[in-house]
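Here is a friendly walk through a protein chain for someone meeting it for the first time. Have a look at the sequence and the model before reading on.

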Amino acid sequence: MTHKAGFVNIIGNPNVGKSTLMNAFVGERLSIITSKAQTTRHRILGIVNGDDFQLILSDTPGIIKPAYEMQEAMMGFVKSAFEDADVLVYMVEIGEQELKDDAFFNKIIHSKIPVLLLLNKIDNSNQEQLEEQVAFWTAKVPNAEIYPISALQNFNVPEVFQRIIALLPESPAYYPKDQLTDKPERFFVNEIIREKILLNYNKEIPYAVEIVTEEFVETDAIIRIRSVIMVERDTQKGIIIGHKGAALKKVGMESRAELETFFGKQIHIELYVKVNKNWRSNANMLKRFGYNQ
């Protein structure tokens, strides 16, 4: 029996459903999902294994025009997604007309590897609009196979998955067959806490935050976690903590509940808030947080 394996990289504008799709493929919540743009900051690998295949999925940050160092690094992750893919998945949503970066779009339409263009959120459209969108994207990206989907409702997602498997090259597995991701446990602790901050705070606060898990100690009965919420200004620290610590306590409770589901074990979590001025434009800090490799 032949074995297939390959890298499938998901790219597109912010908030088009890339993380929802990857989580649907993997069957686990590896990428955080909120209604806010730019929730994914890193390339996150999710690994799907079958008897005769290994699919290595990469969820990338939404494509934007960078405004500061951290966003430059985020777009570096997108650029690298073009370089090692066996199949490229380009996601758009109903009504979308362009990618936010012409150079990236040019790479898609001149790609030498298979391109699947997924027209997402079709549950928000009617038949006439859907047909118009399919015609538009067929003309715009003639090298792509187009699939209308709803990642949230799982419509056409299994069909796309099977098509991807068919396109994979013959190859032995790249990772052990029981491995779900290339990221360590602390990465997912950080992402889950950051998701709760995205959901509980408005405006600039979530985008000025980085999480550092300083302690992750696991025993048979419990995992003890100590994490620092890094912000850029003293005023942001005050907002994160909230009146008498209520806001921070809420984030901690919500994070603990999700972490217990994720790890299948009791969690004890301690959260602290520290100010690290302008960390998003500091090359040393970005390297420490895994943005500049």
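What follows goes from the whole chain to its strands, helices and a few single residues.

## The whole chain

Keep in mind that this is a predicted model. The chain has 293 residues, and 51% of them count as buried. Its secondary structure adds up to nine helices and nine strands. If you take the contacts between residues at least 6 apart in sequence, 72% of them join residues at least 24 apart. As for the surface, about 13700 Å² is exposed, with carbon and sulfur atoms supplying 50% of that.

## Strand β5 and its neighbours

A good place to start is β5, which covers residues 115-120. This strand is mostly covered, with six of its six residues buried. In a regular strand, side chains alternate between the two faces of the sheet. In β5, Val115, Leu117 and Leu119 point one way, while Leu116, Leu118 and Asn120 point the other way.

Strand β4 (residues 87-93) runs parallel to β5, and six bridges join the two. Here tyrosine 90 stands opposite leucine 117. β5 also runs parallel to β6, this time with five bridges, and leucine 116 stands opposite glutamate 145 of β6.

Now zoom in on leucine 118, which sits in β5. Is it buried or exposed? Leucine 118 has 0% relative accessibility, so it counts as buried. Leaving out residues up to four places away in sequence, leucine 118 touches Leu21, Val89, Tyr90, Met91, Val92, Tyr147, Ile149 and Val160. The C-alpha atom of leucine 118 is also 9.8 Å from that of asparagine 156, and these two residues are 38 apart along the chain.

## Helix α1 and its partner α5

Two of the residues that leucine 118 touches, Leu21 and Val160, turn up again where α1 meets α5. Eight of the nine residues of α1 are buried, so this helix is largely enclosed by the rest of the structure. The buried ones are Lys18, Ser19, Thr20, Leu21, Met22, Asn23, Phe25 and Val26. Just after α1 comes glycine 27, with a positive phi of about 80°.

How do α1 and α5 sit relative to each other? Helix α1 (residues 18-26) packs against helix α5 (residues 157-167) at an angle of about 75°, and their axes are 11 Å apart. The two are therefore roughly perpendicular, since angles of 65 to 115 degrees get that label. On the α1 side the contact uses Leu21, Ala24 and Phe25, and on the α5 side Val157, Val160, Phe161 and Ile164. By class, that makes seven nonpolar residues, no polar ones and no charged ones.

## Two loop residues with positive phi

A couple of loop residues other than glycine also have a positive phi. Here they are in a small table.

| Residue | Phi | Loop | Relative accessibility |
|---|---|---|---|
| Lysine 121 | near 65° | between β5 and α4 (127-140) | 24%, partly exposed |
| Asparagine 154 | near 65° | between β6 (144-148) and α5 | 39%, partly exposed |

## The three-stranded sheet and its helices

Further along the chain there is an open sheet of three strands, in the order β7-β8-β9, with mixed pairing. Why is one side of β7 and of β9 left without a neighbour in the sheet? β7 (210-218) and β9 (266-275) stand at the edges and each has a single partner strand, so one side of each has no neighbour there. From one strand to the next, the twist averages 15°.

β7 pairs with strand β8 (residues 222-231) in the antiparallel sense, over eight bridges. One of the pairs has isoleucine 211 with isoleucine 229 of β8 as its bridge partner.

Two helices go with this sheet. Helix α7 (residues 234-241) lies across β8 and β9, at about 150° to β9. Helix α8 (residues 246-263) packs on the sheet and touches β7, β8 and β9, with its direction at about 140° to that of β9.

These helices also meet each other: the axes of α7 and α8 come within 5 Å and cross at roughly 65°. Ile239, Ile240 and Ile241 of α7 make the contact with Ala246, Ala247 and Leu248 of α8. That contact has six nonpolar residues, no polar ones and no charged ones.

How values were computed
Residues are numbered from 1 along each chain as its sequence is written. This is a predicted model: local features need pLDDT of at least 70, side-chain atom pairs count only at pLDDT 80 or more; totals for chains, interfaces and linings use all residues. Side-chain values use heavy atoms; hydrogens and water are left out. Axes are lines fitted to C-alpha atoms, for helices over the stretch in contact, and angles run from 0 to 180 degrees between N-to-C directions. Helices (H or I, at least four residues) and strands (E, at least two) are DSSP runs, numbered from the N terminus. Angles under 35 degrees count as roughly parallel, over 145 as roughly antiparallel, 65 to 115 as roughly perpendicular and the rest as oblique. Contact means heavy atoms within 4.5 Å. Ala, Val, Leu, Ile, Met, Phe, Trp, Tyr, Cys and Pro count as nonpolar, Asp, Glu, Lys and Arg as charged, and the others, Gly among them, as polar. Buried means under 20% relative accessible area, exposed over 50%, partly exposed in between (1.4 Å probe, protein chains only). Accessible areas come from the Shrake-Rupley method with a 1.4 Å probe; for residues, only the protein chains shown count as cover. Two strands pair if DSSP finds at least two bridges between them.
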